[in-house]
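Student: Hi, I've just opened this one and don't know where to start. Can you walk me through it?

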Amino acid sequence: MELILALVLFALMIGVWAFMPSGDSLVAEHAPAAMVEPTVGQLSTA
Amino acid sequence: MDAINGADTAWVLLSAALVMLMTPALGLFYGGMVRQKNVLSTLMHSFFMLALISVQWVLVGYSLAFGPDKGGVIGGLEWIGLNGVGIEPNPTYAATIPHQAFMVYQMMFAVITPALISGAFAERKRFKSFIIFSLAWSTLVYDPVAHWVWADGGWLRSLGALDFAGGTVVHITSGVSALVCALVLGRRLGYGKEAMEPHDTTMTFIGTALLWFGWFGFNAGSALGSGGLAVSAFVNTNSAAAMAALAWMTASWLRHKRPSIMGASAGAVAGLVGITPAAGFVTPMGALLIGFFAGAGCFFVVEYVVRGRVDDALDVFGVHGVGGLLGALLVGVFATKAINPAGADGLLLGNVKQLGVQALTVGVVALYSAGMTWGILKVIDLVVGLRVSQDEEKLGLDTTQHGEVAYRMGA
């Protein structure tokens, strides 16, 4: 039973990591504005 | 006279050295988390314990903790100044190593325990008050509790309480006392209004790595020999630390949207705390589960219960108090005599009573630690005061308490 529970918890954590945002999503938050390239949407709006 | 075993003696001495390293490592772990103006003060809080409690232990502490029992509550004074504590083994505690090897190994536990508390009052406690508090706390809290749980004749040990390496004696005492310290001293100036970010995450990471390394001595050394039980405790220690690091990091990633190294570090320490009482009593699968619950449980308490309400500056209660409590209870669930015939079976093997004994131990030790700590702090506050002045706190403890500056950029 302990083995099964440990396996389930480990698999659940791997599942969480797989669906969490990657580092790319943090770039806009931390990089200076000049380093962030405008998206297609922003360009078309401009 | 019992025969001294060379391998056992070497392992226990090496373990004592490993545990010794944990105290300055704790200084690094805490030191990275405080602001730049308080890093030396925080390092000093740990390092100074190595000197202060080493002397206290040799003079009187060891005798109070492990000396001939007086009513199950305290050791006698027969062994003060290490009188009668020589190189011959004491079969009551460890039959194959010199009595002094056991004594010095236990000394390192006594050293690190009050140092753990220092994280709760970081950045605002007067150094003089810190010295008095630590000396009084070690003598009035650590030594008696160590006697209750570990010493021959101690009343909790006689009841059957399991604490392989100090989940109760070290982590519950220090964690609960830390919460009381944080409440009595009050919040740091600006707490909740200004950012109090860790000034050096790299320093905290180095501290974590050294703590993990030293913890092999803490837990595997508690086998007091170099055989299979030490190996079992070693494997369990690493397994729990790893699982807890993953659990805390995962929870932190979910909440804060980033997998921080600070979270992974805190999680590893929570797992090490959680497995401490259980290291020599559970299987590696039990260790993984204890690690998971310690990592996730401590994260939950730190994030949702303590933070914002109490200024436990470096999360001592959340990690050591809660981790110790969880570990002490879970050993009553996962323990098995198949790993350690000198231990007991836990709840999963049908022994409900063991969980009850563990709960009683946790409750009694937590209440005693909280009450005594509150009393000691109140007396010190009346006599010499606990906190630095507001001006000193703004300037930082490195300058005002120690006359030193950590970083001289461009000097």
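Tutor: Let's go through some chains, helices and one loop residue. It's a predicted model, where local features need pLDDT of at least 70, side-chain atom pairs count only at pLDDT 80 or more, and totals for chains, interfaces and linings use all residues. Residues are numbered from 1 along each chain as its sequence is written, and chains are lettered from A and ligands numbered from 1 in the order in which they are written.

Student: OK, how many helices and strands are in chain A?

Tutor: Chain A has 3 helices and 0 strands; here helices (H or I, at least four residues) and strands (E, at least two) are DSSP runs, numbered from the N terminus.

Student: And how much of chain A counts as buried?

Tutor: Of its 46 residues, 4% are buried. Buried is 20 or more other C-beta atoms within 10 Å of a residue's own, exposed is 12 or fewer, and partly exposed is in between, with C-beta atoms placed from the backbone.

Student: How many residues does each chain put into the contact?

Tutor: Chain B gives 13 residues and chain A gives 11, where contact is C-beta atoms, placed from the backbone, within 7 Å. On the chain B side, helix H8 (228–256) and H10 each supply at least two residues.

Student: Switching topic: where is B:Gly153?

Tutor: B:Gly153 sits in the loop between helix H4 (127–150) and helix H5 (155–159) of chain B.

Student: Why does B:Gly153 count as partly exposed?

Tutor: Because B:Gly153 has 16 C-beta neighbours inside 10 Å.

Student: What does B:Gly153 touch?

Tutor: Leaving out residues up to four places away in sequence, B:Gly153 touches B:Asp69, B:Gly72 and B:Ser158. B:Gly153 and B:Phe66 are 87 residues apart in sequence and 9.5 Å apart in space, C-alpha to C-alpha.

Student: Now helices. Where does H7(B) bend?

Tutor: At B:Gly214, by about 30°; the bend is the angle between axes fitted to the seven residues ending there and the seven starting there.

Student: What about H8(B), how many residues has it?

Tutor: H8(B) has 29 residues and reaches 42 Å from first C-alpha to last, close to the 42 Å expected, that is, 1.5 Å times one less than its number of residues. Just after H8(B), B:Lys257 has a positive phi of about 65°.

Student: Last one: which residues of H10(B) meet H11(B)?

Tutor: Among them are B:Gly286, B:Leu289 and B:Phe293, and the H11(B) side includes B:Phe317 and B:Val322. That contact has 14 nonpolar, 5 polar and no charged residues. Ala, Val, Leu, Ile, Met, Phe, Trp, Tyr, Cys and Pro count as nonpolar, Asp, Glu, Lys and Arg as charged, and the others, Gly among them, as polar.

Conventions: Two residues are in contact if their C-beta atoms, placed from the backbone, lie within 7 Å.
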